[in-house]
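Trainee: I would like to learn how to read the inside of a protein model, beginning with its cores and then turning to empty space and to single residues.

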Amino acid sequence: MASIVCFGEMLIDFVPDTSGVSLAESQGFLKAPGGAPANVACAITKLGGSSAFIGKVGKDEFGYMLADILKKNGVNADGVLFDEHARTALAFVTLKKNGEREFMFYRNPSADMLLKESELNMDLIKKAKIFHYGSISLITEPCRSAHMAAMKTAKQTGVLLSYDPNVRLPLWPSPEAARNGIMSIWNEADFIKVSDDEVAFLTQKDSGNEEVVKSLWRDHFKLMVVTDGEKGCRYYTKNFKGKVAGYTVKAVDTTGAGDSFVGSILCSIAKDNSIFTDEGKLKEALKLANACGAICTTKKGAIPALPSISDAQTLISK
């Protein structure tokens, strides 16, 4: 069985074939599979781990394509459902000159939002070591209830809960709704990965300030990691905290970099959860995760850009 189960949305990203142009200016788009939890599932298998994905796509060409991509990447797709009535979600992504992104979503409602609790493959969740999710699945019913039920089952079975909020403001009714929704399940997690920008958004304060970051820490957390882009990351556990430097690469597209980072750290946790208490091991795992995130920015799209262990080790040894 898959040791890490990823829950949530899988969709198609349409990325302009030229960087640094707006959606309106773009002449053509490349279609790339996306959706953070699905990217994480693929990142895990690319690094030699075992993963499954639970979510819903449309019973359409794009939905079949996405399910196929999961299988081709060695991800267990037993938890993938096809909705007869709703389409697979689409996102148009603009790449600004610096590789940063803007999003325009087509979901009204898309298949992923219509996943019901009764359709969940609870068996996959109960047999996992880690259950990983984001916050987009919290925005609308019935998916929100399915998300809460999946989390509850994981917790009751002793599965480690991993949360990457992945803030996508255009999908929420308002910034306040996003903040409240994301924080509504904050206390449930065992491991949280959050970016510096997300810390700033959630706290409405400076993410460089240690006290601000500490306000997001909860005593039962096993690990919280704040990613700082190419600068690397900061880590917090009950007993120690610190920083791990990042890698400088020529970034083309930052899509999926955070997912690549998360996939790597989850692989390390699934292999050996003593990294929560052994700072040396944790630093090594974060060094690898930083390298995975960096490599992912050097190619367009998320899943096609995900690195293997040897890619990451090559960057580290350089």
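Mentor: We shall take the cores, the cavity and one arginine in turn, keeping in mind that this is a predicted model.

Trainee: How many residues does the largest nonpolar core have, and which of them have the most contacts inside it?

Mentor: The largest nonpolar core has 57 residues, and those with the most contacts inside it are F53, I265, I269 and L286. Helix α9, which runs over residues 279-296, gives the most to this core, with ten residues. Apart from it lies another core, of 45 residues, which includes F131, V213, W217 and V226.

Trainee: Which residues is F53 in contact with, leaving aside its neighbours within four places in sequence?

Mentor: Among them are C6, G8, E9, M10, P37, A38 and L70, together with V75 and V80.

Trainee: And how should I look for empty space, and what lines the largest cavity?

Mentor: Rolling a probe the size of a water molecule over the atoms shows where empty space is left. Here the structure holds one cavity of 30 Å³ or more, and the largest cavity has a volume of about 40 Å³. Its lining is made up of G8, E9, R107, D112, M113, I136, S137, T140 and C143, and by class these are three nonpolar, three polar and three charged residues.

Trainee: Is R179 buried or exposed?

Mentor: Buried means under 20% relative accessible area, and R179 counts as buried because its relative accessible area is 13%. R179 lies in helix α5, residues 175-183, and, leaving aside neighbours within four places in sequence, R179 is in contact with F201, L202 and Q204.

Notes. Residues are numbered from 1 along each chain as its sequence is written. This is a predicted model: local features need pLDDT of at least 70, side-chain atom pairs count only at pLDDT 80 or more; totals for chains, interfaces and linings use all residues. Side-chain values use heavy atoms; hydrogens and water are left out. A nonpolar core is a set of buried Ala, Val, Leu, Ile, Met, Phe, Trp, Tyr and Cys residues joined through side-chain atoms within 4.5 Å. Buried means under 20% relative accessible area, exposed over 50%, partly exposed in between (1.4 Å probe, protein chains only). Helices (H or I, at least four residues) and strands (E, at least two) are DSSP runs, numbered from the N terminus. Contact means heavy atoms within 4.5 Å. On a 1 Å grid over the protein atoms alone, a cavity is a set of points where a 1.4 Å probe fits but cannot get out, and a pocket is an open set with protein on both sides within 12 Å along at least five of seven lines; lining residues have an atom within 4 Å of a point. Grid points are joined across faces, edges and corners, and a volume is the space filled by probe spheres set on the points. Ala, Val, Leu, Ile, Met, Phe, Trp, Tyr, Cys and Pro count as nonpolar, Asp, Glu, Lys and Arg as charged, and the others, Gly among them, as polar.
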